[in-house]
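Here is a walk through one protein model, from its overall build down to a few single residues. Have the viewer open and follow along.

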Amino acid sequence: MPIYMIVVLKPNISKKDESAVLKEIRKLGYRPHVMRGIKRVVVGAIGDERTHKSLETLASWPQVEQVMPVQKRYKLVSREGQKTGSVISVRNNLIGGPKFQVMAGPCSVENEAQLLATAHAVQKAGATILRGGAFKPRTSPYEFQGLGVRGLKLLAKARRETGLAIITELLSESHTDMVAEYTDIIQIGARNAQNFQLLIAAAKTGKPILLKRGPSMRIEEWLLAGEYILSNNNPNLIFCERGIRTFETYTRNTLDLSSIPIIKNESHCPIVIDPSQGAGRVDLVAALCRGAAAMGADGLLVEVHPNPAQALSDGAQQLNLDGFARLMESLKPFIAAAGRE
Ligand code: PEP
Ligand code: MN
């Protein structure tokens, strides 16, 4: 991969000191490009970091002020490396293609009746992928932790009954084989978004990975976390924005919709929006979904429950079945306006 380094020389150095730097740059296998300012000289150097030594050793030279890489730190997720958008195939559903894909279902799988009622309803309304947490990352250890493997089995049953693909969270490296055996997409939760060993284990299953943005992650860190998936030979990465922690208290998180065009610019990987964790408020979900569709997201991950008031987790942010059907109807013009189906 060619790289571009910038070597900034100290002001007013001698011609001899300058030539020595240029000679060293050439010796290390890079092509120097000299930019002469009034006071100082800046040298751009182009080369291949896989086959040549790093130029960073130059930073210790007395006539050198700074050595900086210009290329992005992420490579495989980068749009520079791959111009066309990636399309991820999940049981005949394409994410990142013309169709706006909606993943919907309860925050947690609670019991068979709850999951199946939700699965049938979201399918009827147009969702193609069923979500549901079996292993739940809960802030308090005293809160409902999920049904575990029983939840995975219920998800598999819902898939058999409806044909919907399923997505569920992988919470721990030690569950990798078990979760991969049941799910079609592995969700990496916000709290684990920089658990690099977990990312590697998930990538190695070969399953599509939905990577949430961590609540305090910068977009660059999120892209680099995604790089862990692709650099472990799994090209099937979907980014999921779910809000970040700010000073705001009206919402549970601040849903950063600006990440949609940024991810689209920086990366070829699809991005979906989770307005449920994003706002933490059911009354805001529809507006955020419309915004996400209009801004060019590839899909949504939405929490839906037959009876949100009785939900064992995240009751305040889950749509009921009718609310979800209405949302899907109201999204149509926004999906069309964004040029999607
Ligand atoms: C969830 O999707 O229910 C969830 C726990 O999400 P996050 O990891 O974004 O908090
Ligand atoms: Mn939730």
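Helices here are DSSP runs of H or I with at least four residues, strands are runs of E with at least two, and both are numbered from the N terminus. With that in hand, Asp 314 can be placed in the loop between strand 14 and helix 10. Keep in mind that this is a predicted model.

**The whole chain**

Let's start wide. The protein has 10 helices and 14 strands, and its C-alpha atoms fill a box of roughly 80 × 40 × 40 Å along the principal axes. Of its 341 residues, 53% count as buried. Look at contacts between residues at least 6 apart in sequence, and 68% of them join residues at least 24 apart. The accessible surface comes to about 15,600 Å², with 53% of that belonging to carbon and sulfur atoms. As for charge, there are 43 positive and 32 negative ones, and their mean positions are 4 Å apart.

**The manganese site**

Which residues are the protein donors of the manganese ion (ligand 2)? They are Cys 107 through SG, Glu 303 through OE and Asp 314 through OD, lying 2.0 to 2.4 Å from the ion. Along the chain, these donors follow the spacing C-x195-E-x10-D. Glu 303 belongs to strand 14 (residues 299-303) while Asp 314 sits in the loop between that strand and helix 10 (321-337), so the pair ties together parts that are 11 residues apart in sequence. Glu 303 counts as buried because its relative accessibility is 1%, against a cut-off of under 20%.

Asp 314 has something else to show: its phi is near 55°, a positive value in a residue other than glycine. Most residues other than glycine have a negative phi. Asn 12 is another case, with a positive phi of about 55° although it is not a glycine. Asn 12 is in the loop between strand 1 (2-9) and helix 1 (15-27), and it is exposed, with a relative accessible area of 63%.

**Two helices that cover each other**

Now turn to helix 2 (112-125) and helix 3 (149-162). Here is how their buried residues and cover line up:

| Helix | Buried residues | Cover includes |
|---|---|---|
| Helix 2 | Gln 114, Leu 115, Leu 116, Thr 118, Ala 119, Val 122 | strand 7 (101-105), strand 8, helix 3, helix 10 |
| Helix 3 | Gly 151, Leu 152, Leu 154, Leu 155, Ala 156, Ala 158, Arg 159, Thr 162 | helix 2, strand 8 (129-131), strand 9 (165-169), helix 4 (176-182) |

An α-helix has 3.6 residues a turn, so residues three or four places apart point the same way. Does the length of helix 3 agree or disagree with the 1.5 Å a residue rule? Its 14 residues should span 20 Å, and its end C-alpha atoms are 20 Å apart, which agrees. Helix 2 also has 14 residues and reaches 20 Å from its first C-alpha to its last, close to the 20 Å expected. Just after helix 3, Gly 163 takes a positive phi of about 85°.

**A stop at Val 34**

One last residue: Val 34 lies in strand 2 (residues 31-36). Is it buried or exposed? Neither quite: Val 34 is partly exposed, with a relative accessible area of 32%. Leaving aside neighbours within four places in sequence, Val 34 is in contact with Glu 18, Leu 22, Val 41 and Val 42. Gly 44, 10 residues away from Val 34 in sequence, is 6.4 Å from it in space, C-alpha to C-alpha.

Terms used
Residues numbered from 1 in each chain as written. Chains lettered and ligands numbered in written order. Predicted model: local features only at pLDDT ≥ 70, side-chain atom pairs only at ≥ 80, totals over all residues. Heavy atoms only, no water. Donors = N, O, S within 2.8 Å, 3.2 Å for Na, K, Ca; no water. Buried < 20%, exposed > 50% of the residue type's maximum accessible area, 1.4 Å probe, protein only. Contact = heavy atoms within 4.5 Å. Areas by Shrake-Rupley, 256 points an atom, 1.4 Å probe, with all protein chains shown as cover. Lys, Arg positive; Asp, Glu negative; His and termini not counted. Charge placed at Lys NZ, Arg CZ, Asp CG, Glu CD. Expected span 1.5 Å × (residues − 1).
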